[in-house]
Amino acid sequence: MQHFLSIDQLSLPSIESLIQRAHYFKHKQQYPNYSSYCLANLFYENSTRTRVSFEWAAKQLALNVINLPLASSSESKGESIEDTLLNLAAMNIHLMVIRHSQNHQVETLAKRVGNRCHLINAGDGTHAHPSQALLDLMTIQEVKPHFADLKVAILGDIKHSRVANSLQAIFAKVGIKQLHLIAPKRWLPEKVSFGHSTESLEEGLHNADVIICLRVQKERLNDLDHVDLCGYRKQYALTSISRLYARANAMIMHPGPVNRGIEIDDEVVDGEHSYILQQVSNGVYMRMAIIESLLLSPKY
Ligand code: CP
């Protein structure tokens, strides 16, 4: 694999092998040394979890890490993002982790840089967030490994969510039994690649084994999407009451950042069935596996 761009490019065996390697890193706590390589983080959108976990994952594998300060980079003088990447590749930066607000931007850049370096999509617009989907699947597998029996519900702003897109793709590949996408009509996408969409919280959560709650992405809403947040909360918030539609031991997940008191309540975030921080911990191991798989690909 030259570039890590989306779940669609991964075969089922490669998904399984990445997750297996992430589990190995988590449980062995013994890591190979890739100290001759360098990874650069280029985040054109804000991030806490993804940026830090790619940095920490790279450091655990002894890579050198550069966090490019974009505000003071030469892009502020008019250099294009393509030229920035080509210049970094010319300095032998092997891996570049990119988050961008534009859909498919990392794919476009990958075509431009070819095999000069490896690009990793750390979230592009509303399109894809493949490392998040992998770490979510790893977390589900740790608790409920029988995918063919699972009912999963994704709740929230599905339409603007790159996480929901990548989750649909990965759940289809691994054969999750049932996927329900729950949102008010204006936040349901026109096309669903896998699963069944519903406006009913009760129907969508009924007997769910896993609930993945999404953030209300205020920054991606336009005037047409305007939603009354109080109204949203009343109908769709994951609370200690509404979660009872799902199975008693349903896993509660959220990719973060969490808007406590909007899409999800404190009691649920901090409750005994919450795996939100386990997702974050697993993210480091999953990103170690992704970085290693790129470094071991035939080009390097
Ligand atoms: N889940 C996620 O992408 O979080 P960050 O925006 O903090 O990276």
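Which backbone oxygen lies 2.7 Å from a polar atom of the side chain of Thr139? The tour of this predicted model opens at that residue and then proceeds to the ligand, to the strands and helices beside it in the itinerary, and to several backbone torsions.

**Stop 1: Thr139 in helix H5**

Select Thr139, which belongs to helix H5, residues 130–143. The atom sought above is the backbone oxygen of Leu135, at 2.7 Å from a polar atom of the Thr139 side chain. Is Thr139 buried or exposed? Thr139 is buried, because its relative accessible area is 0%, and the cut-off for a buried residue is under 20%. Next, display the contacts of Thr139, leaving out residues up to four places away in sequence: Met251, Met253, Tyr275, Gln278, Gln279 and Asn282.

**Stop 2: the ligand**

Now select the ligand and the residues around it. These are Ser47, Thr48, Arg49, Thr50, Arg99, His129, Gln132, Pro255 and Gly256. The space that the ligand takes is the largest pocket.

Three polar pairs may be displayed here:

- Ser47: an N or O atom of its side chain is 2.6 Å from an oxygen atom of the ligand.
- Gln132: a polar atom of its side chain is 3.0 Å from a nitrogen atom of the ligand.
- Gly256: a polar atom of its backbone is 3.4 Å from a nitrogen atom of the ligand.

On its own the ligand has 250 Å² of accessible area, and the protein covers 92% of it.

**Stop 3: the peptide bond after Gly256**

Remain at Gly256 and extend the selection to Pro257. The two residues are joined by a cis peptide bond, with omega at about -10°. Most peptide bonds are trans. Pro257 is located in the loop between strand E9 (251–253) and helix H9 (266–269).

**Stop 4: Val269 in helix H9**

Continue to helix H9 and select Val269, which has its place there. Val269 counts as buried because its relative accessible area is 10%. Beyond its neighbours within four places in sequence, Val269 makes contact with Val258, Arg260, Ile264, Ser274 and Ile276. To add a distance, pick the C-alpha atoms of Val269 and Leu238: they are separated by 9.2 Å, while the two residues are 31 residues apart along the chain.

**Stop 5: His100 and His104**

Move to strand E3, where His100 has its place. With a relative accessible area of 11%, His100 is buried. A polar atom of the His100 side chain lies 3.1 Å from the backbone nitrogen of Gln102. Once neighbours within four places in sequence are set aside, the contacts of His100 are Tyr44, Glu45, Ile81, Gln105, Gly123, Asp124, Gly125 and Arg162.

Then select His104, in the loop between E3 and H4. His104 is not a glycine, yet its phi is positive, at about 65°. Most residues other than glycine have a negative phi. A relative accessibility of 36% places His104 among the partly exposed residues.

**Stop 6: helix H3**

Ile81, one of the contacts of His100, leads to helix H3, residues 81–90. Which residues of helix H3 are buried? They are Ile81, Thr84, Leu85, Leu86, Leu88 and Ala89. Display their surroundings as well: the buried residues of H3 pack against strand E1 (38–43), strand E3 (95–100), helix H4 (105–113) and strand E4 (118–124). After H3 comes Asn92, whose phi is positive, near 70°.

**Stop 7: helix H1 and the loop to E1**

The last stop is at helix H1, in which Ile15 is found. Ile15 is buried, with a relative accessible area of 1%. Not counting residues up to four places away in sequence, Ile15 touches Ile7, Leu10, Leu134, Leu137, Ile170, Lys173 and Val174. From Ile15 to Glu142 the distance is 15 Å, C-alpha to C-alpha, and the two are 127 residues apart in sequence.

Finally, select Gln29, in the loop between helix H1 (12–28) and E1. Gln29 has a positive phi of about 55° and is not a glycine. Gln29 counts as partly exposed, since its relative accessibility is 45%.

Technical notes
Residues are numbered from 1 along each chain as its sequence is written. This is a predicted model: local features need pLDDT of at least 70, side-chain atom pairs count only at pLDDT 80 or more; totals for chains, interfaces and linings use all residues. Side-chain values use heavy atoms; hydrogens and water are left out. Buried means under 20% relative accessible area, exposed over 50%, partly exposed in between (1.4 Å probe, protein chains only). Helices (H or I, at least four residues) and strands (E, at least two) are DSSP runs, numbered from the N terminus. Contact means heavy atoms within 4.5 Å. A residue is near a molecule or strand if one of its heavy atoms lies within 4 Å of it. A polar contact is a pair of N or O atoms within 3.5 Å; within protein, one must be able to donate a hydrogen and the other to accept it, and residues adjacent in sequence count only if both atoms are side-chain atoms. Accessible areas come from the Shrake-Rupley method with a 1.4 Å probe; for residues, only the protein chains shown count as cover. On a 1 Å grid over the protein atoms alone, a cavity is a set of points where a 1.4 Å probe fits but cannot get out, and a pocket is an open set with protein on both sides within 12 Å along at least five of seven lines; lining residues have an atom within 4 Å of a point. A molecule sits in a cavity or pocket if more than half of its atoms lie within 2 Å of its grid points.
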